[in-house]
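The following paragraphs lead the reader through a single structure, from strands to helices to charged side chains. Please keep the sequence and the model in view while reading.

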Amino acid sequence: MHGVIPCSVSAVNGSAEPEKLLLMAALTGTSLNFDFIYEEAAELKDTEFDTLFYANYERWTDTAAAEYRLLEPVLKDVSGSFIEKYSVSDDGQTASAVYANGSEIKVNFGENTIIHNGKLIELDKYAEEGGFTF
């Protein structure tokens with residue numbers, strides 16, 4: 001559906017593997033998504049919203065902004081372009097996508113890297129406990 005309708009990944013801050021989700025978003029040209037709430041998580045205890053225990057905005061706005069800035073050039077480049085070729089290695093550690101506009105994105109899930117049109121992005125250089133920093 002890429003190139004036809006806008007779509008996003010599930011909430012990055014709700015994922016047990018946020019780096020993998022970020023890599024998949026880059027690979028597939030999919031927008032990032034975060035769940036945010038204003039109140040402290042303790043206010044949600046024993047309510048229908050207690051599953052949002054992770055979503056207090058104060059802990060995530062800097063990380064979300066940094067991750068959006070990191071992926072913005074990649075996503076802008078492939079926005080509206082169809083994926084023409086998609087492949088995953090036998091061991092599942094690497095994957096690549098070639099888009100109709102000629103852009104190519106490769107990710108390495110084991111090394112947490114993205115190669116976008118030959119430019120290497122190493123997620124581990126930006127990561128710190130609890131999120132990203134730039």
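I83 stands opposite Y99, a residue of strand β2. This pair belongs to the antiparallel arrangement of strand β1, residues 83-88, and strand β2, residues 94-99, which are joined by five bridges. The model is a predicted one. Between β1 and β2 lie five residues, and the two strands form a hairpin. Within its turn, G92 has a positive phi of about 75°.

A further antiparallel pair is made by strand β3, residues 104-108, and strand β4, residues 113-116, with four bridges between them. Here N108 is the residue that stands opposite T113 of β4.

How are these strands ordered in the sheet? The sheet is open and contains five strands in the order β1-β2-β3-β4-β5, with antiparallel pairing. Its edges are formed by β1 and by β5, residues 119-122, each of which pairs on one side only. On average, neighbouring strands of the sheet are turned by 15° against each other, if direction is ignored.

Two helices lie across this sheet. Helix α1 lies across β1, β2, β3 and β4, and runs at about 30° to β2. Helix α2 lies across β2, β3, β4 and β5, and its angle to β4 is about 40°.

The helices also pack against one another: α1, residues 18-28, and α2, residues 61-78, meet at an angle of about 20°, and their axes are 9 Å apart. Because angles under 35 degrees count as roughly parallel, α1 is described as roughly parallel to α2. The crossing of the two helices is right-handed. On the side of α1, the contact is made by L22, A25 and A26; on the side of α2, it is made by E67, L70, L71, V74 and L75.

The charged side chains remain to be considered. How many salt bridges does a search of the whole structure find? The search finds two. In one of them, K106 is joined to E104, with 3.9 Å between the closest N and O atoms. K106 counts as partly exposed, at 40% relative accessibility, and E104 is likewise partly exposed, with a relative accessible area of 31%.

The side chains of K125 and E122 also meet in a salt bridge, at 3.1 Å from N to O. Is each of these partners exposed or partly exposed? K125 counts as exposed, with a relative accessibility of 64%, whereas E122 is partly exposed, at 30%.

Definitions and conventions
Residues are numbered from 1 along each chain as its sequence is written. This is a predicted model: local features need pLDDT of at least 70, side-chain atom pairs count only at pLDDT 80 or more; totals for chains, interfaces and linings use all residues. Side-chain values use heavy atoms; hydrogens and water are left out. A salt bridge is a side-chain nitrogen of Lys or Arg within 4 Å of a carboxyl oxygen of Asp or Glu. Buried means under 20% relative accessible area, exposed over 50%, partly exposed in between (1.4 Å probe, protein chains only). Two strands pair if DSSP finds at least two bridges between them. Axes are lines fitted to C-alpha atoms, for helices over the stretch in contact, and angles run from 0 to 180 degrees between N-to-C directions. Angles under 35 degrees count as roughly parallel, over 145 as roughly antiparallel, 65 to 115 as roughly perpendicular and the rest as oblique. A crossing is left-handed if the near helix is turned anticlockwise from the far one by less than a right angle, and right-handed if clockwise. Contact means heavy atoms within 4.5 Å.
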